[in-house]
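Me: I am new to this structure and would like a close look at one part of it. Please take the salt bridges, and give the cut-offs for the terms you use.

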Amino acid sequence: MEGIIIDGLSFALPLFVMAIGGIYSEKSGITNLALEGLQGFGAFSGALAAVFAMSYFGAESQITFYIALACAVAGGIVYSMLHAVLCIRFRANQVISGVVMNILAMALTSFMTKQINSSIFSSPSDKFVLGVSSRFSIPLLSEIPIIGAVFQDIYPFEIIILAIMVLAWYILYKTGFGMHLRACGDNPHAVDAAGVDVEKVRFLAVGISGALSAVAGISFAYSISANFSSGIYAGYGYLSIAAMIFGNWRIIPTLGACLLFGFARSGGYQLVRVLNMPGTYSDLVMILPYVLTLLLLVFFSRHNHAPRALGEIYDKGKR
């Protein structure tokens, strides 16, 4: 049971922080199917920085991880601006833009990873080897039966993500910017009439989604994968979108959905180990969160209420 909780949290929390980014973007009115591409490009930026930082600080240094995290956030923000420009300035179809962003990120990061490894590191590899981030346990709390697993073998990024959750909730629901952002997704013309720049708010919201998706990407790279390659994120972005929808575009319910997906995945792996099943069944277990997603959306999607102006192209002249 403890293993299910520990592994489930390490998978669920990066999904959750990416879903928070999606909430910010879609609450502002911009449909964001590009989360998977944003996490991939952000993780590529962070992994590349980590590879160079390792030569100075060593592979085991936590400084390398934080450098990678900062560079990943920067890369995610820069790449998200492409989606923002297409959807806000050029008024492109937001769904198509998101899908293209995902495909472009996978192709672009794969190409650049191979080229950099070949030209700089004289290696034909298509991945950056990063290793696994150090983990720690909280004394006393980690010794509590079952519940103590929450405080065992914690990755540093898990604490960072929980801090982001609190900050994101406060900004979204307790600040003027959060109120304007939510209003942009429901009635952008009223926001414009109040003298607030709708485009600026939406650009900021998409930028936040890029930053948080990048945090998720580099977290996965430093935990589950121990490396960066363009194929290790397949499906995670869409899974976070499903969690966001199931959570009705609210932060706390979305956390519950991500935890459900995380525990389903770790529980499946634990079942394979306990029953001594062949290793090929581990691959089958990976579909559990997606099957669960389908079931949840079938039974609960009718109760979801998306922002009223989500996906609508804002034309200031029609006010």
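Reply: What follows describes the salt bridges and the residues that form them. This is a predicted model, in which local features need pLDDT of at least 70 and side-chain atom pairs count only at pLDDT 80 or more, while totals for chains, interfaces and linings use all residues. Residues are numbered from 1 along each chain as its sequence is written, and side-chain values use heavy atoms, with hydrogens and water left out.

Side chains of opposite charge can pair when their charged atoms come close. A salt bridge here is a side-chain nitrogen of Lys or Arg within 4 Å of a carboxyl oxygen of Asp or Glu. The structure has two of them.

One joins Glu199 and Arg89, whose closest N and O atoms are 3.1 Å apart. Glu199 belongs to helix α8 (residues 198-225) and Arg89 to helix α3, so this pair ties together parts 110 residues apart in sequence. Helices are DSSP runs (H or I, at least four residues), numbered from the N terminus. Glu199 is partly exposed, at a relative accessible area of 26%, whereas Arg89 is exposed, at 53%. On this scale buried means under 20% relative accessible area, exposed over 50%, and partly exposed in between (1.4 Å probe, protein chains only).

The other salt bridge is between Arg308 and Asp186, at 3.9 Å from N to O. This pair also links distant parts of the chain, 122 residues apart: Arg308 is in the segment after α12 (288-300), and Asp186 is in helix α6 (residues 176-186). Arg308 is exposed, with a relative accessible area of 64%, and Asp186 is partly exposed, with 35%.

Key. Helices (H or I, at least four residues) and strands (E, at least two) are DSSP runs, numbered from the N terminus.
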